[in-house]
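Here are a few notes to read alongside the structure. I hope they help as you look around it.

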Amino acid sequence: FRVYDKSYIVTFPIMMIVAFIVGGLTNKVQREAQSSSIREKRTQTLYIVSGKLLSAVGTYDVVSIGIKYISRLVNRNVICYLANNNKLSTPFVYKKDKGNKEEIIMDKDENAAAYWTFLNGKESGCGTNTFYRAKGYYVPIKIKNKILGVIGVSCPSGALRPEKKFMVETVTSQIAIALDREILSKEQEKSQVEIERERLRSNLLRSISHDLR
C-alpha cells in the first residue's frame, strides 16, 4: 500500500488496464442482458399475437387485433387497408393512445404510397427508396403471391429501426395467414351453400317429375 514506492510504477498501469478491461466486459454483459430481456418480451408479445389471431373470428376481428399489437410493438399509429375488387377498402385506424395528436396518414400522397405497395407487393414510404418522402411506412399483407391488403405505420419522427420493421413484417405475415384462413372459410361456406341449393333444386325437380308422371 506504499504508493510512493518506485516499484509501484509498473503496478499502477497494470491495475488501470485491468480495471478498464473488467469495466468494459461488465458493460458488455449488461448490454447483452438488457438486449436479451427486450428480445424475450418481443418474442412473448409475438407469441400472444399469434395465439389471438388464430382464435380471431371474422375479418374485422383479425384486422383489429393485428393493428393493435403492431401499434403496441412499435409505439406508432397504424392503418390497414384491405383488398376489395383490385382496390383498397376504407382504412382501419388504430391510434396508440386516445389523446394522441400524431397525424393520421390518410392524405392523397399517403394513399398513393399505400396503393403502390398494393399493386407491387413491396414495401414503400418512409425509410425506403419508393415514396421516401411519405410520412408512413407501408408493407403488403401478402400470402402465396396474393396481396390481401396493406399495413401502414406512421413515422412522424423518422424511419423505423430495422428491428421494428422486422416486428411489423412478422405481425403482418401473421395477419395475412389469418385473413387467408377467413377467405378460405368463407369460400367453403359459400360452396356448401351452393351444394345445398343444388341438392334442394334436384329434389324439387325429382318431385315435380314424379308428380307429372
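1. Let's start with strand β1 (residues 78-82), in a model that is predicted. Five of the five residues of β1 are buried, so the strand is largely enclosed by the rest of the structure. The cover is on both faces: Val 78, Cys 80 and Leu 82 are buried on one side, and Ile 79 and Tyr 81 are buried on the other.

2. Which strands pair with β1? One partner is β2 (residues 92-94), joined to β1 by three bridges in an antiparallel arrangement. If you want a residue to look at here, Cys 80 has Phe 92 as its bridge partner in β2. Strand β5 also runs antiparallel to β1, and five bridges join the two. On that side, Ile 79 stands opposite Gly 152 in β5.

3. Strand β5 comes up again with the salt bridges, of which the structure holds three. In one of them, the side chains of Asp 180 and Lys 146 meet at 3.0 Å, N to O. Lys 146 belongs to β5 (residues 146-154) and Asp 180 to helix α4 (residues 162-212), so this pair ties together parts that are 34 residues apart in sequence. The two ends sit in different classes of exposure: Asp 180 is buried, with a relative accessible area of 6%, while Lys 146 is partly exposed at 36%.

4. Please also look at the salt bridge between the side chains of Arg 161 and Glu 163, at 2.7 Å, N to O. Arg 161 counts as partly exposed, with 46% relative accessibility. Glu 163 is partly exposed too, at 30%.

5. A further salt bridge links the side chains of Arg 181 and Glu 182, with an N to O distance of 3.4 Å. Is each of these residues buried or partly exposed? Arg 181 is partly exposed, with a relative accessible area of 28%. Glu 182, on the other hand, is buried, because its relative accessible area is 11% and the cut-off for buried is under 20%.

6. My last point concerns Ser 124, which is found in strand β3 (residues 124-125). Its relative accessible area is 0%, so Ser 124 counts as buried. What does the side chain of Ser 124 make a polar contact with? The partner is the side chain of Thr 117, at 2.6 Å. Leaving aside residues up to four places away in sequence, Ser 124 touches Ala 113, Trp 116, Thr 117, Thr 130, Gly 136, Tyr 137 and Tyr 138. Thr 117 therefore appears both as the polar partner and in this list of contacts, under the 4.5 Å cut-off for contact.

Terms used. Residues numbered from 1 in each chain as written. Predicted model: local features only at pLDDT ≥ 70, side-chain atom pairs only at ≥ 80, totals over all residues. Heavy atoms only, no water. Helix = DSSP H or I, 4+ residues; strand = E, 2+ residues; numbered from the N terminus. Buried < 20%, exposed > 50% of the residue type's maximum accessible area, 1.4 Å probe, protein only. Polar contact = N/O pair within 3.5 Å; in protein donor to acceptor, adjacent residues only side chain to side chain. Salt bridge = Lys/Arg side-chain N within 4 Å of Asp/Glu carboxyl O. Pairing = 2+ DSSP bridges.
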